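Trainee: Could you take me through one part of this model slowly? I would like to look at a helix together with whatever surrounds it.

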Amino acid sequence: MIVDIAPSRVTGSITPPSSKSFLHRAIISACLSKGTSTIENVVYSVDVQATLEAFSSLGVNINRDGSVITIDSPGPTILNQKIDVNCHESGSTL
């Protein structure tokens, strides 16, 4: 087989899927920071759902709109509570 390879230009854009590891860090950071944060291009997994539920149970306001999460948190004071948090089977959430 003979193949000719010629230089060419590639154009366009791509959006890679989000990393579960990076997404956990972004959610945790946003929930521990006072104020409103928006995270885009979210791909939900069981572990991500567990993290969102855990912070919701601590009083963080989390709004999901498709692949966008808006987090409104009072800040690190959420950690001053004595409350049971269900992490399900997510080591990342724990």
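What follows is a close look at one helix, its pocket, its core and a few residues around them.

Trainee: Which residues of α2 are buried, and what do these buried residues pack against? I would also like to know which residues line the largest pocket.

Mentor: Happy to. Please keep in mind that this is a predicted model.

Let's start with the helix itself. α2 runs over 46–57. The helix has 12 residues and reaches 16 Å from its first C-alpha to its last, close to the 16 Å expected at 1.5 Å a residue. Right behind the helix comes Gly 59, with a positive phi near 100 degrees.

Now for your first question. The buried residues of α2 are Asp 47, Val 48, Ala 50, Thr 51, Leu 52, Ala 54 and Phe 55. As partners in packing, these buried residues have α1, β2 (61–65) and β3. A general point helps when reading such a list: an α-helix has 3.6 residues a turn, so residues three or four places apart point the same way.

One name in that list deserves a pause, the acidic Asp 47 in helix α2. Asp 47 counts as buried because its relative accessible area is 17%, and buried means under 20%. Setting aside residues up to four places away in sequence, Asp 47 touches Lys 20, His 24, Glu 89, Ser 90 and Thr 93.

Thr 93 makes a good next stop. This residue is in the segment after β3, and it counts as buried because its relative accessibility is 13%. Beyond its neighbours within four places in sequence, Thr 93 is in contact with His 24, Asp 47, Ala 50, Thr 51, Ala 54 and Cys 87. For a sense of distance, Thr 93 and Ser 45 lie 48 residues apart in sequence and 12 Å apart in space, C-alpha to C-alpha.

Thr 93 also brings us to the pocket. The largest pocket holds about 220 Å³ of space. Its lining is made of 13 residues, and those nearest its centre are Ala 54, Phe 55, Leu 58, Val 85 and Thr 93. Two elements, α1 (20–32) and α2 (46–57), each give two or more residues to this lining. The largest share, 3 residues, comes from α2. In chemical terms, the lining divides into 11 nonpolar residues, 2 polar ones and no charged ones.

Phe 55 leads on from the pocket to the core. The largest nonpolar core has 15 residues, and the members that touch the most others are Ile 27, Cys 31, Phe 55, Val 60, Ile 62, Ile 69 and Ile 71. The elements giving two or more residues to this core are α1, α2 and β3 (68–73). With 4 residues, α1 gives the most. Val 60 is worth selecting in your viewer: leaving out residues up to four places away in sequence, Val 60 touches Cys 31, Phe 55, Ile 71, Asp 72, Ser 73 and Ile 78.

Some of those names return at Gly 35, in strand β1. Outside the residues up to four places away in sequence, Gly 35 touches Ile 71, Asp 72 and Ser 73. Gly 35 counts as partly exposed because its relative accessibility is 25%. The C-alpha atoms of Gly 35 and Lys 20 are 15 residues apart along the chain and separated by 23 Å.

Back in the segment after β3, let's look at Ser 92. Ser 92 counts as partly exposed because its relative accessibility is 43%. Leaving aside neighbours within four places in sequence, its contacts are His 24 and Ile 28. Its C-alpha atom is separated by 21 Å from that of Asp 72, 20 residues away along the chain.

Finally, two backbone details. Asn 41 sits in the loop between β1 (35–39) and α2, and has a positive phi of about 60 degrees although it is not a glycine. Asn 41 counts as partly exposed because its relative accessibility is 30%. His 88, in the segment after β3, likewise is not a glycine and has a positive phi, of about 55 degrees. His 88 is partly exposed because its relative accessible area is 46%.

Methods:
Residues numbered from 1 in each chain as written. Predicted model: local features only at pLDDT ≥ 70, side-chain atom pairs only at ≥ 80, totals over all residues. Heavy atoms only, no water. 1 Å grid on protein atoms, 1.4 Å probe; cavity = no way out; pocket = protein on both sides within 12 Å on 5 of 7 lines; lining within 4 Å. Points joined across faces, edges and corners; volume = space filled by probe spheres on them. Nonpolar A, V, L, I, M, F, W, Y, C, P; charged D, E, K, R; others polar. Core = buried A, V, L, I, M, F, W, Y, C linked by side-chain atoms within 4.5 Å. Buried < 20%, exposed > 50% of the residue type's maximum accessible area, 1.4 Å probe, protein only. Contact = heavy atoms within 4.5 Å. Expected span 1.5 Å × (residues − 1).
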